[in-house]
Amino acid sequence: QAEDGIRDHCVIGVQTCALPICLLQALNSGAIDFCGGGGTPSVFGQAAEMLFVRVARDKYTNPGGEAVLVARDSPIQRLEDLRGCRVAVEEGSTAHYVLVRALRLAGLEPDAVEIVFLSRAEALPQFQSGAVQAWSVWVPYADSPRRKAYPGRSIASLQDLFAGDPSLQLPTLYYATPELVRSFPDILKLLLEQINEDRKSTRLN
């Protein structure tokens, strides 16, 4: 099993981050050697001259995994209704790109709304209180059991915003340090094989 091989050679840990870019910052500093995440933060990482290697991408993207949410009792029914509203989003995240795409499809310029850059933890109470009228957000809040604990309804999902396969434009990518790629290719191969097995199991269940 790939998992057994990984445990024989790696120290496995879980790191949570307040912002999407911080995993790449941890990779760049050597605090971690491997991570996964959206493609949009890596563009910002490259602009900041961070050092990492894109090593793989997921074949599938959950079409409900990102959404533009509004309160359930909001008069906002369509993306066009966002004009003049305050919209929360994490700066530099995939949800940021989704918001820009949503506004473009609605024929709105970014300055037609007030974009409020907030982390997910900051955005939730602002959204619940009505301080922001909409929230562009990623999983788990958009489409999962945890989503049920969050207020609001979707006015746009990936399926609405991206014709065809959303994974072509919003892939989940996997990143590694140059040292892992160069010096430990067998371990990297095991990591990717295990991820592939887990993703297959998730889709089947």
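Residues 24 or more positions apart in sequence make up 77% of the chain's contacts with a separation of 6 or more. The structure discussed here is a predicted model. Its chain is built from eight helices and eight strands. Of its 205 residues, 44% count as buried. The accessible surface comes to about 11500 Å², and carbon and sulfur atoms account for 52% of that area.

Helix H5 offers a good place to start exploring. This helix spans residues 120–129, and its buried residues include Arg 120, Ala 123, Leu 124 and Phe 127. Why do these residues lie on the same side of H5? They cover an arc of only 105° around the axis, which puts them together on one side of the helix. A general rule helps to picture this pattern: an α-helix has 3.6 residues a turn, so residues three or four places apart point the same way. The other side of H5 is where Ala 121 and Ser 129 are exposed.

What covers the buried residues of H5? The cover includes three strands, namely E3 (66–70), E4 (86–89) and E6 (134–138). Just after the helix comes Gly 130, which has a positive phi near 85°.

Attention now turns to a sheet. Three strands, in the order E1-E8-E2, form an open sheet with antiparallel pairing. Strands E1 (34–38) and E2 (53–57) are its edge strands, as each of them pairs on one side only. On average, neighbouring strands of this sheet are turned by 35° against each other, direction ignored. Looking at one of these pairings, E2 and E8 (residues 172–176) run antiparallel and are joined by four bridges. Within E8, Tyr 174 is the bridge partner of Ala 56.

That bridged pair also leads to a helix. Leu 192 belongs to helix H8, which covers residues 185–204. Is Leu 192 buried, partly exposed or exposed? Leu 192 is partly exposed, because its relative accessible area is 24%, while buried would require a value under 20%. Which residues does Leu 192 touch, once its neighbours within four places in sequence are left aside? Leu 192 is in contact with Phe 34, Val 55, Ala 56 and Tyr 174. Both members of the bridged pair, Ala 56 and Tyr 174, thus appear among the contacts of Leu 192. Leu 192 and Tyr 174 are 18 residues apart in sequence, and their C-alpha atoms are 8.6 Å apart in space.

Definitions and conventions:
Residues are numbered from 1 along each chain as its sequence is written. This is a predicted model: local features need pLDDT of at least 70, side-chain atom pairs count only at pLDDT 80 or more; totals for chains, interfaces and linings use all residues. Side-chain values use heavy atoms; hydrogens and water are left out. Helices (H or I, at least four residues) and strands (E, at least two) are DSSP runs, numbered from the N terminus. Buried means under 20% relative accessible area, exposed over 50%, partly exposed in between (1.4 Å probe, protein chains only). Contact means heavy atoms within 4.5 Å. Accessible areas come from the Shrake-Rupley method with a 1.4 Å probe; for residues, only the protein chains shown count as cover. The arc is that of the directions from the helix axis to the C-beta atoms. Two strands pair if DSSP finds at least two bridges between them. Axes are lines fitted to C-alpha atoms, for helices over the stretch in contact, and angles run from 0 to 180 degrees between N-to-C directions.
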